[in-house]
Amino acid sequence: MTSTPQPPPSHDLVGIGFGPSNVALAIGLREQRERSAAEPATPGLSGVFLERQAEFGWHRGMLLDDATMQVSFLKDLVTTRNPASDFGFLSYLHAAGRLHDFINHKTLFPLRAEFHDYLAWCADRVGDQVRYGAEVVAIEPVRDEGGRISQLDVVARTGDGARHRSRGRNIVFAPGLTPRLPEGARLTERVWHNEYLLQRLAALDTAADPRTFVVVGAGQSAAECVDHLYRRFPRARVHAVFSRFGYSPSDDSPFANRIFDPGAVDAFYGASAETKAEIMGYHRNTNYSVVDPDLIDTLYHAAYQDKVKGAERLRMHNTSRVADVHEAPGGVTVTVEDLASGKHTAVEADYLVYATGYSSADPRDLLGEVAEHVVCDGAGRPAVERDYRLATSDEVTCGIYLQGGTEHTHGISSSLLSNVAVRVGEILDAISARTAGTPNTADTPRAAGAASAAGGR
Ligand code: FDA
Ligand code: NAP
């Protein structure tokens with residue numbers, strides 16, 4: 001007699017990815033359960049998270065010396081949702097014994113390395129909710145007796161090649177950004193994307209003495225790469241190639257910065273497509289293709305010093321583009337076209353680094369047959385409700401929520417940390433409201449109580 005395989009235990013939510021967005025969600029879940037223990041009214045939520053990395057890591061390839069945060073530390077994983085949370089950056093500093101030192105530092109913008117340590121400290125404290133080394137490779141529908149998709153099975157490939165299945169009445173996608181390359185470009189031993197810069201440099205032979213790098217792009221990543229390579233390899237020449245006339249400064253002036261506030265999400269969400277496009281056009285320079293003004297000054301200073309010394313190690317190819325890349329065993333020849341003069345220059349480089357930005361993941365790529373039920377806007381992009389739920393046909397009764405990939409609906413803070421704490425509260429409130437009354441079959445116990453995830457309200 002063959003036995004029927006047991007269905008996996010069902011959770012209120014399954015999170016895909018465990019970067020800052022879903023770590024913040026795991027904290028929200030935990031805080032909600034703690035509150036629910038004290039106020040037994042409606043059940044708390046059970047959740048499990050799947051992360052492909054072996055341990056927590058936040059853009060490790062770009063944890064460059066001296067790189068600082070692009071947002072205030074007050075926009076940590078909790079404070080704007082629940083300032084009383086003990087998961088805030090200040091609680092971390094206190095635990096690390098650096099609170100007074102940090103205050104004396106008089107900055108709102110910690111080093112990225114320090115913020116990474118803060119994020120890892122948070123992730124560790126909610127580590128009971130995550131399975132590391134689990135890459136989600138498929139999502140399959142689970143139908144109820146009426147034939148509707150009421151749950152989803154999230155299938156992950158684990159380190160040993162095995163498949164692990166987690167069932168959720170809701171899923172929360174937070175897979176982050178994917179490195180973007182120019183059309184036709186291909187990553188090789190000598191052609192990199194900045195996302196893996198430090199890992200690539202660490203893998204170089206210790207005897208390697210690279211003499212020439214080419215860095216493409218004029219955003220924050222590109223400028224940081226140029227600065228890092230220039231300082232780390234004092235005998236190397238660094239060629240910066242970009243189409244602008246010069247690096248453009250990021251606008252972080254206070255009125256423009258309001259674009260990252262939770263209120264801006266409401267305004268953007270309710271706006272027409274034309275107004276949305278206008279807002280993005282006006283304020284793209286708060287985030288994209290721009291560089292921190294201090295770093296621009298640092299690079300200019302270095303280029304000028306080179307000129308004074310008569311050794312031009314930092315070479316700016318402005319109004320330029322890469323016209324051709326030819327890789328041979330000993331190096332890579334990058335043909336740079338000056339767009340103003342039409343002149344072509346061949347640069348014999350050891351390594352070419354594309355710092356050409358990132359794209360958001362499309363949840364439909366993982367949704368399999370469920371993707372057919374996703375409602376799209378006129379441009380073919382997924383429609384998303386204000387509470388971050390993917391709009392679907394009525395056949396789908398479970399919730400599919402997005403953290404990231406909602407710039408077209410919710411605005412420019414979609415891929416950033418600015419709004420993570422508040423967004424997580426909104427998603428948990430939405431899931432709580434939908435969950436009230438559904439039976440609990442999870443292996444993580446649902447605590448009693450907890451109606452609202454939005455602590456501090
Ligand atoms: P994030 O990309 O951090 O995490 C997604 C996670 O999902 C990753 O751990 C990934 O491994 C995992 N994952 C993906 N697919 C998976 C799958 N199929 N199965 C399982 N796991 C999967 N923003 C800001 O506001 N201030 C800042 O200072 C910076 N600084 C910054 C520096 C650099 C170098 C970059 C590239 C970006 C920033 N950002 C930023 C923007 C950045 O998007 C943001 O800080 C967060 O990383 C967003 O967090 P998420 O958790 O949404 O994505
Ligand atoms: P980005 O801002 O999107 O900049 C990409 C750059 O690449 C732009 O200069 C763009 O050109 C250029 N580019 C794009 N496609 C190209 C192509 N096909 N050919 C040539 N050039 C091309 O990307 P980013 O610099 O990686 O920044 C992404 C996000 O990460 C931002 O939010 C940023 O703040 C964040 N970040 C933060 C830190 C930090 O916290 N310290 C560090 C790095 C990144 P144009 O100039 O023509 O647009």
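**Stop 1: Ile 427**

Select helix H13, residues 420-435, and pick out Ile 427 within that helix. The model is a predicted one. Is Ile 427 buried or exposed? Ile 427 counts as buried because its relative accessibility is 0%, and the cut-off for that class is under 20%.

Now show what packs against this residue. Leaving out residues up to four places away in sequence, Ile 427 touches Val 172, Asp 387, Tyr 388, Tyr 401, Leu 402 and Gln 403. For a distance check, select the C-alpha atoms of Ile 427 and Arg 389: they are separated by 8.1 Å, with the two positions 38 residues apart along the chain.

**Stop 2: Tyr 388**

Tyr 388, one of the residues touched by Ile 427, is the next selection. The residue sits in the loop that runs between helix H11 (364-367) and strand E19 (399-402). Tyr 388 is classed as buried because its relative accessible area is 2%, where the class requires under 20%.

Look at the backbone here as well. Which sign does the phi of Tyr 388 have? The phi of Tyr 388 is positive, about 75°, although the residue is not a glycine. Most residues other than glycine have a negative phi.

**Stop 3: Asp 66**

Asp 66 is a second place to inspect the backbone. Asp 66 has a positive phi of about 75° and is not a glycine. Select the loop between strand E3 (47-50) and H2 to find Asp 66.

**Stop 4: helix H2**

Continue along the chain to helix H2, residues 89-96, and colour the buried residues Phe 89, Tyr 92 and Leu 93. These three lie on the same side of H2, because they cover an arc of only 100° around the axis. Then colour His 94 and Ala 95, which are exposed on the other side of H2.

What covers the buried residues of H2? The cover includes helix H3 (99-105) and helix H4 (112-125). Before leaving, select Gly 97, just after H2, where phi is positive at about 75°.

**Stop 5: Thr 158**

Select strand E6, residues 149-158, and go to Thr 158. Thr 158 is buried because its relative accessible area is 13%, again against a limit of under 20%.

Display the side chains of Thr 158 and Asp 160: a polar contact of 2.8 Å joins them. Setting aside neighbours within four places in sequence, the contacts of Thr 158 are Arg 131, Gly 133, Ala 134 and His 164.

**Stop 6: ligand 1**

Select ligand 1 and the residues around it. How many residues surround ligand 1? The shell holds 27 residues, and the closest are Ser 21, Glu 51, Gln 70, Ser 415 and Leu 417. By class, this shell has 15 nonpolar, eight polar and four charged residues.

Helix H1 (20-38) and strand E5 (134-143) each contribute at least two residues to the shell of ligand 1. The largest share, three residues, is from E5.

Three distances are worth displaying. A polar backbone atom of Gln 70 is 2.8 Å from an oxygen atom of ligand 1. A polar side-chain atom of Trp 58 is 2.9 Å from an oxygen atom of the ligand. For His 59, the distance between a side-chain N or O atom and an oxygen atom of ligand 1 is 3.4 Å. On its own ligand 1 exposes 980 Å², and the protein buries 90% of that area.

**Stop 7: ligand 2**

The last selection is ligand 2. Which residues are closest to ligand 2? They are Ser 221, Glu 224, Arg 244, Asn 287 and Ser 289, out of 22 residues that surround the ligand. The shell around ligand 2 divides into seven nonpolar, 11 polar and four charged residues. Helix H6 (residues 220-232) gives the largest share, three residues.

Display the pairs from ligand 2 to the serines. Ser 221 has a polar side-chain atom 2.6 Å from an oxygen atom of ligand 2. Ser 289 likewise has a polar side-chain atom 2.6 Å from an oxygen atom of ligand 2. Then add Ala 355, where a backbone N or O atom lies 3.3 Å from an oxygen atom of ligand 2. Taken alone, ligand 2 exposes 920 Å², of which the protein buries 76%.

Methods
Residues are numbered from 1 along each chain as its sequence is written. Chains are lettered from A and ligands numbered from 1 in the order in which they are written. This is a predicted model: local features need pLDDT of at least 70, side-chain atom pairs count only at pLDDT 80 or more; totals for chains, interfaces and linings use all residues. Side-chain values use heavy atoms; hydrogens and water are left out. A residue is near a molecule or strand if one of its heavy atoms lies within 4 Å of it. A polar contact is a pair of N or O atoms within 3.5 Å; within protein, one must be able to donate a hydrogen and the other to accept it, and residues adjacent in sequence count only if both atoms are side-chain atoms. Accessible areas come from the Shrake-Rupley method with a 1.4 Å probe; for residues, only the protein chains shown count as cover. Helices (H or I, at least four residues) and strands (E, at least two) are DSSP runs, numbered from the N terminus. Ala, Val, Leu, Ile, Met, Phe, Trp, Tyr, Cys and Pro count as nonpolar, Asp, Glu, Lys and Arg as charged, and the others, Gly among them, as polar. Buried means under 20% relative accessible area, exposed over 50%, partly exposed in between (1.4 Å probe, protein chains only). The arc is that of the directions from the helix axis to the C-beta atoms. Contact means heavy atoms within 4.5 Å.
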